[in-house]
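Here are some worked exercises to try with the model open in your viewer. Have a go at each task before reading its solution.

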Amino acid sequence: MRTLGTLLFLTVLAALMGGVGYLWYFAGEDGGGERGGAGRQPALVTVAPVAMREFVDVIEAVGTAKAKESIDLTAKAADTVSAVNFTDGQKVPAGFVVAEMTSREQSADLSASRAELAEATKAYERILELSNKGFATKAQLEAALSARDSAAARVRALESRVADRLIRAPFAGVLGLRRVSVGTLVKPGDVITTLDDVSIIKVDFTVPESFLAALSVGMSVRAQVAAYSGRTFDGIVAGIDSRVDPVSRSVAMRAEIPNKEDLLLPGMLMTVSLLKNQRTAMAVAEQSLVPVEDRQYVYVISSDLKAERREVKIGGRQPGFVEVLGGLKVGENVVVDGTIRLRPGATVRFAGPEGDKGKPRERKRDGAAAAGAGPRT
């Protein structure tokens, strides 16, 4: 018991001595002493002026890339592939014949029908001329007209059958991998290849309904993909769903992103950032903040090298900086490094060779943040 009591006494004594030392160490600064403490040099600090910076609020979401238009090119009739006119990944214009399945019999029938149409047309023209001169009856003219129209109908029917065996690209785009070879027997619905229009990439994603009031068509978006680290792709919001999902409490949105370099492919996972409330505001370095409970303070250095602790109201953040909504003025010098040992009214000196001259050394940081580097929501 005596040993335990001795240990408790020594512990309490050490704590009291530490507290007394701490109070003595900072006594001069707390009192606003000229030298930041009895017999101590002024505190060494680095300052930076309050400046204006670009800020933007960001709402982040994740979506999957889709082509502007995307289809599977399939066979419309059962037949054997007679020609394949493309290579994998080829860009083609609208109407390009991707594959052919036309048989010789159908081609011969079409040629014969066109010849019959030509003959029927000439016969009708002869009867029409004779009818105008009064040498042909009305019944003969109507019979010639009927024969011509019937021949034309047979030609259109055969052309439609032949067209069903010509696989054409309905729009310009990029063809996928070839699924058939010459001689392959295909059935209706068999996929020949895929066709994607990737000139514009569509991204569908969801946003919590709490942000609905801030959303609008035409908003700027910035997207990133893992394949191109550090690169961003800009676009706009093209549509907002008319309903909120009652399960997830989110609303679906669609963004369109130009793909001029063909870097983005359908199916890519994309991180989308919605940019809103772009503004220019006062900013200080994030490490300048001195939090006390639920308030934020900074140390402002006056012209006589005195430290003033001032409460500030902060807004959005971006890497390394924080938006200041009130409490500071542009150009005021704020302590960036050295806030830990500062007390209100303490005298300071600036780090670097300029410190002896009483001039602040401007802290070098990266340039103004690019748009989209605002707070993440």
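**Exercise 1.** In which loop does aspartate 262 lie? Then work out its exposure class and look at its phi.

*Solution.* Keep in mind that this is a predicted model.
- Step one: aspartate 262 lies in the loop between β13 and β14.
- Step two: the relative accessible area of aspartate 262 is 32%, and partly exposed covers the range from 20% to 50%, so this residue is partly exposed.
- Step three: the phi of aspartate 262 is near 55°, a positive value in a residue other than glycine.

**Exercise 2.** Now try arginine 249: where is it found, and is it buried, exposed or in between?

*Solution.*
- Start with the location: arginine 249 is found in the loop between β12 (233-244) and β13 (250-258).
- Next, the backbone: arginine 249 has a positive phi of about 55°, although it is not a glycine.
- Last, the surface: with 47% relative accessibility, arginine 249 counts as partly exposed.

**Exercise 3.** Take strand β14 and list pairings it makes. Over how many bridges does β2 pair with β14?

*Solution.*
- Begin with β2 (residues 51-74): this strand and β14 (residues 269-285) pair over 13 bridges, in the antiparallel sense. To find the register, pick valine 58, whose bridge partner in β14 is leucine 275.
- Move on to β11 (residues 220-225), which pairs with β14 over 6 bridges, again antiparallel. Here arginine 222 stands opposite serine 273 in β14.
- Finish with β18 (residues 321-326): 4 bridges join this strand to β14, and the two run antiparallel. Valine 284 has valine 322 of β18 as its bridge partner.

**Exercise 4.** What is the strand order of the open sheet of 3 strands, and which strands sit at its edges?

*Solution.*
- The order is β4-β6-β7, with antiparallel pairing.
- The edges are β4 (83-84) and β7 (166-168), since each of them pairs on one side only.
- For a look at one of the pairings, go to β4 and β6 (residues 97-100), which run antiparallel and are joined by 2 bridges. Alanine 83 has glutamate 100 in β6 as its bridge partner.

**Exercise 5.** Does the length of helix α3 agree or disagree with its residue count? And which of its residues are buried?

*Solution.*
- Helix α3 (residues 138-164) has 27 residues, so at 1.5 Å a residue the expected span is 39 Å.
- The end C-alpha atoms of α3 are 39 Å apart, so the two agree.
- The buried residues of α3 include Leu141, Ala144, Ala151, Ala152, Val155, Leu158 and Val162. When you look at their spacing, recall that an α-helix has 3.6 residues a turn, so residues three or four places apart point the same way.

**Exercise 6.** Compare two threonines, 137 and 194. Where does each lie, and is each buried or partly exposed?

*Solution.*
- Threonine 137 lies in the loop between α2 (104-133) and α3. At 45% relative accessibility, threonine 137 counts as partly exposed. Its C-alpha atom is separated by 8.7 Å from that of isoleucine 127, 10 residues apart along the chain.
- Threonine 194 lies in strand β10 (residues 191-208). Its relative accessible area is 18%, so threonine 194 is buried. Leaving aside neighbours within four places in sequence, threonine 194 is in contact with Ile71, Asp72, Val174, Leu175, Gly176 and Arg179.

**Exercise 7.** How many aromatic pairs does the whole structure have, and which arginines lie over ring faces?

*Solution.*
- The search finds 1 aromatic pair. The ring centres of tyrosine 228 and phenylalanine 233 are 6.2 Å apart and the planes are at 70°, so the pair is edge-to-face.
- Tyrosine 228 counts as partly exposed at 27% relative accessibility, whereas phenylalanine 233 counts as buried at 8%.
- Arginine 53 lies over the face of phenylalanine 321, at 3.7 Å from the ring centre. Arginine 148 lies over the face of tyrosine 124, at 4.7 Å from the ring centre.

**Exercise 8.** What is the average pLDDT, and where does pLDDT stay under 50?

*Solution.*
- The protein averages a pLDDT of 81, and 81% of the residues score at least 70.
- Residues 20-39 stay under 50, and the model has 33 contacts beyond four places in sequence for them.
- Residues 353-358 are also below 50, with 5 contacts in the model beyond near neighbours in sequence.

How values were computed. Residues numbered from 1 in each chain as written. Predicted model: local features only at pLDDT ≥ 70, side-chain atom pairs only at ≥ 80, totals over all residues. Heavy atoms only, no water. pLDDT = per-residue confidence, 0-100. Contact = heavy atoms within 4.5 Å. Pairing = 2+ DSSP bridges. Phe/Tyr/Trp six-rings, centres within 6.5 Å; stacked < 30°, edge-to-face > 60°. Buried < 20%, exposed > 50% of the residue type's maximum accessible area, 1.4 Å probe, protein only. Lys NZ or Arg CZ within 6 Å of the ring centre and 35° of its normal. Expected span 1.5 Å × (residues − 1).
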